[in-house]
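Here are some exercises to work through with the model open beside you. Try each one yourself before you read its solution.

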Number of protein chains: 2
Amino acid sequence: VTESWLVDAASPYGLANLPLGVAVSSRWDGPRVLTRVGDTVVEIAALADAGLVPDDLSWRGPSLNPLLARGPAGWAQVRDALTAALTDSANHGAVALASAPADSVKLVLPIQVGDYVDFYASEHHATNLGRILRPGQEPLLPNWRHLPVGYHGRSGTVVVSGTPVRRPCGQQRPDPGPEPIFGPSTRLDVEVEVGFVVGTPSRSGEPVGVDEFADHVFGVCLVNDWSARDIQAWEYQPLGPFLGKSFATSMSPWVVPLAALSAARRPVGSAGTSLLPYLRETEPWGLDISLELLVNGELVSRPPYDAMFWSPAQMLAHLTVNGASVRTGDLFASGTVSGPSLDQVGSLIEAGRGFLADGDEVVITATAPGSDGTTIGLGEVRGVVLPAATIRRT
Amino acid sequence: VTESWLVDAASPYGLANLPLGVAVSSRWDGPRVLTRVGDTVVEIAALADAGLVPDDLSWRGPSLNPLLARGPAGWAQVRDALTAALTDSANHGAVALASAPADSVKLVLPIQVGDYVDFYASEHHATNLGRILRPGQEPLLPNWRHLPVGYHGRSGTVVVSGTPVRRPCGQQRPDPGPEPIFGPSTRLDVEVEVGFVVGTPSRSGEPVGVDEFADHVFGVCLVNDWSARDIQAWEYQPLGPFLGKSFATSMSPWVVPLAALSAARRPVGSAGTSLLPYLRETEPWGLDISLELLVNGELVSRPPYDAMFWSPAQMLAHLTVNGASVRTGDLFASGTVSGPSLDQVGSLIEAGRGFLADGDEVVITATAPGSDGTTIGLGEVRGVVLPAATIRRT
């Protein structure tokens, strides 16, 4: 375990983690890139000014994208430099000047999102939803075990944790009414997801192989894919979810590097199945991330990310196999993480409990095993439900 | 008709049009914003240097986004200034210095695309596709006449006209085979569409009313939504099209301002139907745009945009009614434009003819009526099909 005067070795934000984020504060004249150590944030531009990490204007934000674009060698260089800077007590003074209490800064959206893609990679979730939406039919459609089903979401409405989410209005058709009605969603739900942030872009026409995942993906975040089930149910055929999802998608402010999660890697459910070659992993990219979903402080469930059927490496390989390129800042998410039991489901509709009321606060948190018995914290994604807006009469 | 020494009044690129685009050329040290007059392009930065239009760095590209963000008053100011500059023969010298033959510059993607949304707004197309994809069932699903069905596409693979498009590979399940196969699409198709470019952003939680369309949308382009029907058929349930579409979407380089299309406005098919209030237009935003689809120079069809069921104003109102915001540079497209007869369909699958072969060149062109008997040209969107790539063995 790498020790530092800054943090207890048992902290989920110890030196084995070193997540990156972006924040504003009255201390600085604009957004800055930070890492988090324990309950302290460290401004990387200040470390760069002290010659402790590579100097680069990308430390002054407004997003992680310039750093993400550097690729794996650049990420490793920065991670090594941060580790060295924060473990050598000769740097005590310089690090103290760069540091601030975590609760004294305002974390902002850490990436400029390119395309946002959402998958549907949990067999338990897809089965549960299939039973609810298509009762009496086979819950998994024929394609489900052959490819990671996914769709594009709205990148312009990805918001950072802490942003309130207004209850959407929209068309619904309450069963068995023949005509649709318009009004606030009464079935507002959450989806507990794990997100992946693309660093290195790929070129058009050149698929990213399933074993090239870590060459392109920088790190991991938590995602709440807010979902209005009533709007979604009426609109989604035949072209998929649209307004039932597009009003807001929340992401956690800290992006945890894949490099911090090497001890968390596990095979996924598809590993033992017959797959087309482009989806066969030779090294597992499932991750043992333990999530928690809380509503108003009450624990609703503990979704286990290690129970997924498709890995993020398989998702990226599929996403690009037709020649589609990825860009720095692209975000793709797992889809709802649900385990086999009722206390492991990642959405309220699966839990069979009521939907969200105005004022409800939803928090998703997660940890993963780090190396040498450490714990890696993935932070949280938080949001309060605001009442629906009154539609203007024009 | 506004006359100019630059162009014949009968040109589809007369002064009633004034489309905007972005190009590179050995004449300049970077991309420049242009307008087109006849077969001449006029560099607007040079007019600004001569004091003939408002001076602003946004004329030096790399996209139209800074101009788009100015909003309707700014667009009108620029349009008025361009008209004045190009009609006063006192400016002959300055305009000549700013001008170049249209074929001497390389037009690039004119906008930095935010989110790309594709609708499904032609009743004829949706009915034709429903019959093909779900034979024996009601071709239009129950929601279709109540809301403009749409979905998010991939903004990172929107390319400018002229960009070759590589045949995608992907999973397919040839009916009635039980197992999917992997390989190049053998059912590569086109979709003739009209696209709309958002200028003024909207705020989260504040829907854009159906009569606020022209406050937010700057102009119109042509779109080819390339579609691999075999990949799409296997993947699209339940979350919609994904890899069957995401490999490439082509757009025309010239964005024609809505201001040039005031004489082309027509009611759409939904005007006479019972709609929820947020979709009821008080002024029609259908457009009498006559499209042509050519493959290898052969006329395939003449899709009529005035035969659509949903207008672009209805599409934008729907897109935002849940509180989702739009950003400068967002692109949304109509979905395939098909008329009632076989020689008016906007895709090859509807035409009942073969799909695209490697080397085929697809061109979509369009015109609309302008004021005072003029014609407004919408340019073209062009692309050649390249053979599928050989997938690397890893």
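Contact here means heavy atoms within 4.5 Å. Keep in mind that this is a predicted model.

**Exercise 1.** Find out which residues B:Asp118 is in contact with, leaving aside its neighbours within four places in sequence.

*Solution.* Start by locating the residue: B:Asp118 sits in strand S6 (residues 116–119) of chain B. Next, list what it touches beyond its sequence neighbours: B:Gly150, B:Tyr151, B:Glu191, B:Glu193, B:Asp225, B:Ala333, B:Ser334 and B:Gly335. One of these, B:Gly335, offers its backbone nitrogen, which the side chain of B:Asp118 reaches at 3.5 Å. Now look for a charged partner. B:Asp118 is buried but has no salt bridge, and the nearest side chain of opposite charge, B:Lys245, is 4.7 Å away. A salt bridge needs the nitrogen within 4 Å of a carboxyl oxygen.

**Exercise 2.** Place A:Ser25 and decide: is it buried or exposed?

*Solution.* First, the place: look in the loop between strand S1 (20–24) and strand S2 (32–37) of chain A. Then check the relative accessible area of A:Ser25, which is 15%. The cut-off for buried is under 20%, so A:Ser25 counts as buried. Its side chain reaches the backbone nitrogen of A:Arg27 at 2.9 Å. Setting aside residues up to four places away in sequence, A:Ser25 touches A:Ser104 and A:Val105.

**Exercise 3.** Work out in what order the 5 strands of the open sheet in chain A are arranged.

*Solution.* Going across the sheet, you meet S4-S3-S2-S1-S5, with antiparallel pairing. At the edges are strand S4 (99–101) and strand S5 (106–108) of chain A, each pairing on one side only. From one strand to the next, the twist averages 45 degrees. Now zoom in on one pair: S1(A) and S5(A) run antiparallel and are joined by 3 bridges. For A:Val24, the bridge partner in S5(A) is A:Lys106.

**Exercise 4.** Which residues of helix H5 (residues 123–133) of chain A are buried?

*Solution.* Go along the helix and you'll pick up A:His125, A:Ala126, A:Thr127, A:Leu129 and A:Gly130. Then ask what covers the buried residues of H5(A): helix H9 (348–351) of chain A is included. Finally, look at the start of H5(A), where a side-chain oxygen of A:Ser122 comes to within 3.3 Å of the backbone nitrogen of A:His124.

**Exercise 5.** Take the salt bridge between A:Arg154 and B:Asp330 and say what the pair joins.

*Solution.* Begin with the distance: the side chains meet at 2.9 Å, N to O. A:Arg154 lies in the loop between strand S7 (150–153) and strand S8 (158–160) of chain A, while B:Asp330 lies in the loop between helix H8 (312–320) and strand S22 (331–333) of chain B, so the pair joins two chains. Both residues, A:Arg154 and B:Asp330, are buried.

**Exercise 6.** Trace the salt bridge of A:Arg229 with A:Glu191 and the network around it.

*Solution.* The closest N and O atoms are 2.9 Å apart. A:Arg229 is in helix H7 (residues 229–235) of chain A and A:Glu191 is in the loop between strand S12 (188–189) and strand S13 (192–198) of chain A, so the bridge ties together parts 38 residues apart in sequence. A:Arg229 is buried at 6% relative accessible area, and A:Glu191 is buried at 4%. Through shared partners, salt bridges join A:Asp189, A:Glu191, A:Asp225, A:Arg229 and A:Lys245 into one network.

Definitions and conventions. Residues are numbered from 1 along each chain as its sequence is written. Chains are lettered from A and ligands numbered from 1 in the order in which they are written. This is a predicted model: local features need pLDDT of at least 70, side-chain atom pairs count only at pLDDT 80 or more; totals for chains, interfaces and linings use all residues. Side-chain values use heavy atoms; hydrogens and water are left out. Helices (H or I, at least four residues) and strands (E, at least two) are DSSP runs, numbered from the N terminus. Buried means under 20% relative accessible area, exposed over 50%, partly exposed in between (1.4 Å probe, protein chains only). A polar contact is a pair of N or O atoms within 3.5 Å; within protein, one must be able to donate a hydrogen and the other to accept it, and residues adjacent in sequence count only if both atoms are side-chain atoms. Lys and Arg count as positive and Asp and Glu as negative; His and the chain ends are not counted. Two strands pair if DSSP finds at least two bridges between them. Axes are lines fitted to C-alpha atoms, for helices over the stretch in contact, and angles run from 0 to 180 degrees between N-to-C directions.
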